[in-house]
Amino acid sequence: MRKPFAITLDPGSSLANHTGSWRTLRPVYVDRLPPCNSGCPAGENIQGWLARAESGDYEGAWRLLVEENPLPAVMGRVCYHPCETACNRTTLDSAVGINSIERFLGDEAIKRGWRFAPPSVKSGKRVLVVGAGPSGLSAAYHLALAGHEVEIYEAGPLAGGMMRFGIPKYRLPREVLDAEVARILDLGVRLYLDRKVTDIRQSLKQGRFDAAFLAVGAHIGKRAYIPAGSSARILDAVSVLHSMEGEDKPKLGRRVIVYGGGNTALDVARTARRLGAEEALIVYRRTREKMPAHESELEEALQEGVMVKWLSTIKQAAAGSITVEKMRLDEKGFPQPTGELETLAADSVVLALGQDADLSLLEGVPGLEVVDGVVKVSPNMMTGYAGIFAGGDMVPAERTVTVGVGHGKKAARHIDAWLRGATRQPATKHAPAGAERLNPWYYSDAPKTMRPVLDTLRRQSTFDEVVQGLDEKTALFEARRCLSCGNCFECDNCYGVCPDNAVIKLGAGKRFAFNYDYCKGCGLCAAECPCGAIDMVPEAI
Amino acid sequence: MAFEPIKYYQTGTFTVGNRLLPPELRTVQADVRRTNSLNSGHRACQGCGEALGARYAIDAAMNATDKQLVAANATGCLEVFSTPYPETSWQIPWIHSLFGNTAAVATGIAAAMKAKGRRDVRVIAQGGDGGTTDIGFGCLSGMFERNDDVLYICYDNEAYMNTGVQRSSATPPAARTATTSTGNVFGQGKNVPAIAIAHGIAYVATATIAELHDLEAKVRRAMEFRGARYIHIFVSCPLGWGHASEASVHIARLAKETGIFPVYQAEHGEIVSVSKIRRRRPVEDYLKPQRRFAHLFSPKVNTEAIARIQAMADRNIRKYGLTED
């Protein structure tokens with residue numbers, strides 16, 4: 001080719017110059033474990049289902065959610081949402097309302113009649129689940145999905161366990177619970193009510209079961225010794241809440257004293273108000289800061305007129321009155337008596353001092369270890385007796401519905417492996433996605449959407465649900481507050497800010513890749529990634 | 001506002017793209033079909049703000065003009081790192097002439113296109129602050145005054161970088177360069193966007209590489225006018241300013257958030273909108289990460305100089321109304 005004067009080379013492209021050789025640090029895409037997922041006792045992929053909800057794919061979101069937890073509408077009402085406590089958005093404004101979105105998805109599923117997809121294969125194995133509470137239902141669901149034949153033996157007259165006989169209606173309407181239980185039973189799970197297991201080994205043998213999951217809960221109210229006159233009316237919280245489900249409502253009188261500082265104490269006091277008690281007074285031996293009940297529940301109770309007597313113990317109960325002693329906290333934070341006494345009017349005293357598990361069904365089972373009234377289980381949820389697994393309130397753990405659901409899932413997966421003669425290896429977890437990895441500049445300012453709350457007057461006299469749900473618009477807004485900590489959400493920032501066009505956009509849902517031929521390793525992509533999904537790692541030279 | 005904030009999305013206003021947004025609300029940079037006008041393989045330093053700003057601006061211009069675009073380029077980093085003979089990184093019709101005459105070359109191209117009846121072909125002149133505010137300033141002012149149909153884009157990195165960081169008339173007070181070893185003096189320099197507005201030309205805007213949506217909207221808006229137009233883009237320089245290569249966008253963001261670099265647009269000699277400060281920060285936050293200002297903090301903190309820089313930022317905030325009130 002003839003070239004113009006003084007030109008000796010053909011024009012070329014700078015693509016011939018592989019600037020990737022300059023690099024000392026290499027960007028790599030990573031996936032991190034977001035704090036919400038990490039904090040969920042039921043092991044939900046919260047960030048994953050939020051991502052689907054953000055695009056308006058509510059059914060997809062719900063389907064991903066129920067891969068881990070079959071009770072989203074219940075969860076959205078009764079879970080104490082440790083996910084929100086852990087949420088990184090608290091460093092910006094306030095946590096994403098995960099619980100309210102979960103409830104929206106759960107309610108949407110009930111409204112639209114979404115069903116679980118039945119298992120495609122049958123294992124031919126039979127598993128007995130004892131107890132139809134959160135843990136038992138969760139285990140039954142996961143076992144049924146794995147293709148096993150599942151039967152639930154429930155001692156009570158209805159399914160739900162503490163969700164029905166412990167949690168009042170104003171927190172969990174029964175039609176919601178019924179709908180979610182029915183959906184699990186639709187998978188072919190057989191539920192036998194009023195069938196109390198008295199000897200587990202016998203039940204296993206008679207029913208030709210290959211394994212059992214026990215989740216009998218803890219339904220026996222703990223007693224405390226209180227000197228009481230014969231006419232003093234002393235009840236226990238579990239029985240009070242239990243009898244709320246029957247025809248005969250408990251007779252508590254006009255002035256009700258509740259003894260204890262847990263969520264159950266609040267549930268009873270709030271129930272007493274709704275039953276017409278003029279005065280519902282909680283007596284608790286320590287301070288508000290030390291109270292084990294959840295702050296939000298205490299707040300709601302106080303709004304409804306429940307009163308609390310802090311730093312007090314009941315010394316004595318008589319007909320129509322009780323005597324309390326004032327306490328003070330010592331240096332270690334333990335309450336110590338002061339000798340100061342006070343007499344309070346009381347028509348009844350309800351003890352809410354915790355519950356014990358009825359473990360009689362395990363009598364004579366070899367290898368079993370019971371410590372502090374609960375059954376010891378190995379990390380795979382199996383008791384000391386091969387083939388018998390246990391979970392929920394009867395094993396050592398925090399006693400919440402969500403923990404129970406988590407146990408049920410975990411046990412079901414280990415039972416499934418055990419039935420196949422295998423050992424389940426838990427998947428390795430990603431490193432945590434801490435708030436320090438975020439570049440918060442990029443997130444829109446968006447305060448949390450508060451759920452509407454029922455009028456106080458109606459809360460004092462009716463059992464209508466107190467906390468209302470979000471509608472579609474507000475749920476969508478709330479879902480989009482998610483920061484997607486530690487996992488790419490395709491904001492295109494890396495693709496945009498690379499001065500060397502060394503980021504390849506792979507298309508919707510496929511994320512991005514680096515073109516290491518040209519990436520100089522400047523680190524802009526990692527610095528400007530909102531969610532911290534890019535690491536810079538030293539180049540091996 | 002040059003660009004309406006996007007509400008009710010996880011992100012969108014500040015990120016390059018967003019999978020939930022309709023494509024027309026995303027940036028040109030988010031699109032896989034972007035021109036990549038300044039292609040890979042160029043020899044700019046790691047994290048070069050100018051390379052980034054040039055691709056942002058020219059890709060947006062290519063998008064706005066249906067790819068009927070010619071660019072003239074002044075001598076400077078942008079020219080040196082993009083076109084070492086015989087290679088070029090440019091994927092557009094591009095011409096380099098001299099350090100000082102880019103505006104005049106572009107004027108000539110515009111005249112030629114007019115003579116050929118090619119009104120669809122649009123002309124851009126571009127250069128760094130040296131080629132714009134110093135050496136090419138006479139040609140630039142002439143182009144404004146004649147109202148030639150050219151969009152001039154200045155990528156301002158506040159010194160002569162490819163020759164070894166010598167001061168220019170855009171170097172800020174107190175900044176250390178190879179020729180201002182104890183820090184540039186106060187009270188000098190040249191505010192070219194203000195001078196451009198004083199020419200009464202159709203469109204003048206400032207932008208930074210930290211606000212892509214805003215930058216692209218300004219390029220698009222500039223292309224809606226005929227006649228002389230000017231966009232001044234703040235581009236950080238890791239080498240010359242002495243900051244980490246990954247901090248380029250962050251530093252540009254701080255320049256705006258502190259009030260040091262006001263971001264606004266003007267039409268026909270009048271300011272029509274300003275980009276508000278989102279989270280106001282003291283100037284120290286901007287100065288500290290840059291080694292060119294290190295002598296203000298050690299061995300002894302030069303509170304007087306920092307106070308003067310803060311006063312300049314405060315004056316900008318007042319003068320342009322940069323905060324929401």
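Here are some notes on this predicted two-chain model, from the overall picture down to single residues.

1. Confidence first. The predicted model comes with an ipTM of 0.95 and a pTM of 0.91. For chain B, pLDDT averages 95, and 97% of its residues score at least 70.

2. Chain A overall. The C-alpha trace of chain A spans about 120 × 55 × 45 Å along its principal axes. The chain carries 18 helices and 22 strands, and 48% of its 541 residues count as buried. If you take the contacts in chain A with a separation of 6 or more, 72% of them come from residues 24 or more positions apart.

3. Domains of chain A. The assignment splits the chain into domain 1 (14–31 + 488–538), domain 2 (126–220 + 356–419) and domain 3 (224–352). Between the C-alpha centres of domain 1 and domain 3 of chain A there are 61 Å.

4. The contact between the chains. Chain A puts in 44 residues and chain B 42. On the chain A side, strand 1 (12–13), helix 17 (493–497) and helix 18 (524–528) each give at least two residues. Sorted by class, that side of chain A holds 23 nonpolar, twelve polar and nine charged residues.

5. Strand pairing across the chains. Don't miss this one: strand 1 of chain A pairs with strand 2 (residues 87–88) of chain B, in the parallel sense and over two bridges. A:Ser13 has B:Thr88 as its bridge partner. Just ahead of that strand in chain B there is a cis peptide bond between B:Tyr85 and B:Pro86, with omega about 5 degrees; B:Pro86 belongs to the loop between helix 2 (77–82) and strand 2 of chain B.

6. Helix 14 of chain A (residues 401–419). The geometry checks out: 19 residues at 1.5 Å a residue should span 27 Å, and the end C-alpha atoms are indeed 27 Å apart. The helix is largely enclosed by the rest of the structure, because 17 of its 19 residues are buried. After the helix comes A:Gly421, with a positive phi near 75 degrees.

7. The hairpin of strands 13 and 14 in chain A. Strand 13 (residues 321–329) and strand 14 run antiparallel and are joined by eight bridges; one of the pairs is A:Met327 with A:Pro337. Five residues lie between the two strands, and in that turn A:Gly333 has a positive phi of about 90 degrees. How much of strand 14 (residues 335–345) of chain A is buried? Just one of its eleven residues is, so the strand lies largely in the open.

8. A:Val349. This residue sits in strand 15 (residues 348–351) of chain A. A:Val349 counts as buried because 21 other C-beta atoms lie within 10 Å, where the cut-off is 20 or more. Beyond its neighbours within four places in sequence, A:Val349 touches A:Arg233, A:Ile234, A:Ile257, A:Tyr259, A:Ile314, A:Ala317 and A:Ile322. A:Gly207, 142 residues away in sequence, is 43 Å from A:Val349, C-alpha to C-alpha.

9. Strand 7 of chain B (residues 229–234). Six of its six residues are buried, so this strand is largely enclosed by the rest of the structure. Side chains in a regular strand alternate between the two faces of the sheet. Here both faces are covered, with B:Arg229, B:Ile231 and B:Ile233 buried on one side and B:Tyr230, B:His232 and B:Phe234 buried on the other. Strand 5 (residues 151–156) of chain B pairs with strand 7 in the parallel sense over six bridges, and strand 6 (residues 203–208) of chain B is joined to strand 7 by six bridges, also running parallel. B:His232 is the bridge partner of B:Cys154 and of B:Thr206.

10. Backbone oddities to look at. The peptide bond from B:Ser298 to B:Pro299 is cis, with omega near 5 degrees; B:Pro299 is in the loop between helix 10 (283–287) and helix 11 (303–320) of chain B. A:Arg511 is not a glycine, yet its phi is positive, near 65 degrees. A:Arg511 is in the loop between strand 20 (503–505) and strand 21 (512–514) of chain A, and is partly exposed, with 16 other C-beta atoms within 10 Å. B:Asp66 also isn't a glycine and has a positive phi of about 55 degrees. B:Asp66 is placed in the loop between helix 1 (49–64) and strand 1 (69–73) of chain B, and counts as exposed with 9 C-beta neighbours inside 10 Å.

Definitions and conventions. Residues numbered from 1 in each chain as written. Chains lettered and ligands numbered in written order. Predicted model: local features only at pLDDT ≥ 70, side-chain atom pairs only at ≥ 80, totals over all residues. Domains from an automatic or database assignment. Contact = placed C-beta atoms within 7 Å. Helix = DSSP H or I, 4+ residues; strand = E, 2+ residues; numbered from the N terminus. Nonpolar A, V, L, I, M, F, W, Y, C, P; charged D, E, K, R; others polar. Pairing = 2+ DSSP bridges. Buried ≥ 20, exposed ≤ 12 C-beta atoms within 10 Å, placed from the backbone. Expected span 1.5 Å × (residues − 1). pLDDT = per-residue confidence, 0-100.
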